[in-house]
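Biologist: Could you take me through one part of this structure closely, and then show me how that part sits in the whole? I am in my first year, so please go step by step.

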There are 2 protein chains.
Amino acid sequence: MINNSELKYIQSFAHKKHWAEESAFIVEGPKMVQELLRSDWTINKIYATADWISGQGVLPVPVVEIDEIMLKRMSQMQSPHQVIAIAEKQSFLKALPYTQTLTVLLDGIQDPGNLGTIIRTADWFGIQQILVSEDTAGFYNPKVIQSTMGSCFRVRVESTNLEAVLASNPLKVYGAVLNGQSMYETKIQSSGFLIIGNESKGIGSSLSKYITDPIKIPKFGNAESLNAAVAAGIILSHWKA
Amino acid sequence: MINNSELKYIQSFAHKKHWAEESAFIVEGPKMVQELLRSDWTINKIYATADWISGQGVLPVPVVEIDEIMLKRMSQMQSPHQVIAIAEKQSFLKALPYTQTLTVLLDGIQDPGNLGTIIRTADWFGIQQILVSEDTAGFYNPKVIQSTMGSCFRVRVESTNLEAVLASNPLKVYGAVLNGQSMYETKIQSSGFLIIGNESKGIGSSLSKYITDPIKIPKFGNAESLNAAVAAGIILSHWKA
């Protein structure tokens with residue numbers, strides 16, 4: 001049984017104050033929870049319908065059975081599905097060596113859906129770590145977690161001072177800017193940094209001065225700009241092509 | 001002054017029954033309304049704050065001044081900005097010749113934000129027309145219109161029976177499918193069809209049988225799939241590269 005304070009605790013993840021400050025975070029739906037179970041992240045507790053539980057083997061975490069009505073009350077989704085997990089946040093104290101991998105830097109991405117989609121896209125193209133500026137949307141925002149479709153458990157995402165990272169690691173820095181060279185004529189190397197800028201303002205001046213290889217995605221039509229996640233996907237695809 | 005029935009009429013665009021069946025649609029914010037004014041779409045009326053009005057010249061449409069409180073009441077946005085326009089829907093009776101352009105077909109895209117972002121991305125790469133299946137999200141859904149960032153006024157988007165179009169136009173048909181050939185090894189021609197499938201189910205069997213060139217975006221990491229708009233952007237970029 002769920003008591004009222006437990007229900008309130010879970011419902012509170014809808015509020016920024018809670019998801020930002022709590023040491024745990026919320027994960028919803030069978031697909032996401034399956035990805036979580038496969039990962040090395042610590043799960044505190046799972047709340048699930050009898051349906052979901054009956055499809056699982058023995059689980060190494062406490063599972064509480066709930067009915068559909070309770071699921072609806074707990075969930076932040078419009079159409080909740082079967083299961084909600086509460087997992088422990090992780091922090092990555094040590095970055096992978098910047099000389100051995102392409103690290104994506106996100107400079108002030110505001111929309112949680114964009115951030116989640118960028119993490120998912122980066123995972124598709126084999127990016128292992130993403131550093132986000134302190135003014136980027138919060139990683140543990142449930143909307144970010146859900147829109148990664150599970151990639152949040154695989155790609156290392158850390159909020160940090162991006163300028164300090166760039167200043168102390170003199171490597172190739174690719175960044176999409178208005179006056180860059182056509183991406184199609186630029187070979188992106190297998191290590192270094194790729195900066196993706198804010199949805200409307202692009203890459204801020206404190207970071208843009210570190211760009212060694214300014215690139216742009218050539219425009220053939222009339223849209224003023226591309227969505228940040230779409231732009232990230234296009235550049236990462238070009239990197240791998 | 002706005003009377004109550006006019007306010008109710010505008011507020012009703014939040015509901016599907018209204019935006020789907022009404023002959024007009026709603027456009028919000030200075031950027032979107034600027035794009036609308038530049039286009040050949042017919043504007044019925046503009047509601048705007050004194051601020052916005054003072055920045056315009058003589059406008060060829062009725063403009064009603066409203067205050068911030070009324071703007072907030074009319075708007076569907078969390079933070080409404082300055083102006084709301086009501087414009088007339090258009091229908092495109094005649095398609096551009098399929099032999100002279102690459103036409104994008106959308107098979108059951110469900111998420112309004114995805115649909116809008118695909119239209120915006122297509123506009124960036126010079127796509128002039130998009131045909132959407134009848135079960136795709138509604139074009140005039142305000143969430144679609146807003147997320148096109150103005151591209152909805154430039155790209156022709158029409159809901160139609162996609163199977164009938166493919167059956168009667170034996171051209172190259174590119175479609176992203178699981179067992180396709182690597183996109184990087186496929187040259188996409190300048191005319192024909194490119195099908196983008198539903199977010200979770202992909203391209204349905206009624207259309208997939210028309211695909212002449214099955215392609216896939218190679219995966220280098222572990223994400224299970226790509227967002228539909230990101231995938232569309234990657235394929236269109238490859239088309240132009």
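Modeller: Gln82(A) lies in the loop that runs between α5 (68-74) and β4 of chain A. This is a predicted model, and in it the phi angle of Gln82(A) is near 60°, a positive value in a residue that is not glycine. Around Gln82(A) there are 19 other C-beta atoms within 10 Å, and because a residue counts as buried only from 20 upwards, Gln82(A) is classed as partly exposed. A second residue can be set beside this one, namely Met149(A), whose phi is near 55°, again a positive value in a residue other than glycine. Met149(A) has its place in the loop between α7 (142-147) and β7 (156-159) of chain A. With 21 other C-beta atoms within 10 Å, Met149(A) is buried, whereas Gln82(A) is partly exposed.

From the loop that holds Gln82(A) we can pass to strand β4 of chain A, which spans residues 83-88. This strand belongs to an open sheet of four strands in chain A, whose order is β1-β4-β2-β3 and whose pairing is mixed. The edges of the sheet are formed by β1 (24-28) and β3 (63-65) of chain A, each of which pairs on one side only. On average, neighbouring strands of this sheet are turned by 20° against each other, if direction is ignored. Between β1(A) and β4(A) the pairing is antiparallel and extends over five bridges, and here Phe25(A) stands opposite Ala87(A) of β4(A). A helix packs on the sheet as well: α3 (residues 30-38) of chain A touches β1, β2 (43-48) and β4 of chain A, and its direction makes about 35° with that of β4(A).

The corresponding strands can also be followed in chain B, pair by pair. Strand β4 (residues 83-88) of chain B has five of its six residues buried, so this strand is largely enclosed by the rest of the structure. Strand β1 (residues 24-28) of chain B pairs with β4(B) in the antiparallel sense over five bridges, and Ala24(B) stands opposite Glu88(B) in β4(B). Strand β2 (residues 43-48) of chain B is likewise joined to β4(B) by five bridges, and these two strands run antiparallel. Within β4(B), Ile84(B) has Tyr47(B) opposite it, while Ala87(B) has Ile43(B) opposite it. Strand β2(B) is also joined to strand β3 (residues 63-65) of chain B, this time by three bridges and with the two strands running parallel; Ala48(B) stands opposite Glu65(B) in β3(B). As a general point about such strands, the side chains of a regular strand alternate between the two faces of the sheet.

Now we can step back to the domains. The domain assignment divides chain A into domain 1 (4-88) and domain 2 (98-240). The C-alpha centres of these two domains of chain A lie 30 Å apart, and 14 residues of domain 1 are in contact with eight residues of domain 2 in chain A. On the side of domain 1 that touches domain 2, α2 (16-21), β1 and α3 of chain A each supply at least two residues. Sorted by class, that side of domain 1 of chain A has nine nonpolar, two polar and three charged residues.

Last comes the meeting of the two chains, where 29 residues of chain A are in contact with 28 residues of chain B. On the side of chain A that touches chain B, α6 (112-124) and α10 (228-240) of chain A each supply at least two residues, and the largest share, six residues, comes from α10(A). By class, this side of chain A has 13 nonpolar, 10 polar and six charged residues. Chain A can be laid on chain B by a turn of 180° and a shift of 0.0 Å along the axis, with an RMSD of 0.0 Å. The two copies are therefore related as by a two-fold rotation axis. The same surface serves both copies, since 97% of the contact residues of chain A recur in chain B.

Technical notes. Residues numbered from 1 in each chain as written. Chains lettered and ligands numbered in written order. Predicted model: local features only at pLDDT ≥ 70, side-chain atom pairs only at ≥ 80, totals over all residues. Contact = placed C-beta atoms within 7 Å. Nonpolar A, V, L, I, M, F, W, Y, C, P; charged D, E, K, R; others polar. Pairing = 2+ DSSP bridges. Axes fitted to C-alpha atoms, helices over the stretch in contact; angles between N-to-C directions. Buried ≥ 20, exposed ≤ 12 C-beta atoms within 10 Å, placed from the backbone. Domains from an automatic or database assignment. Least-squares fit on C-alpha atoms with pLDDT ≥ 70 in both.
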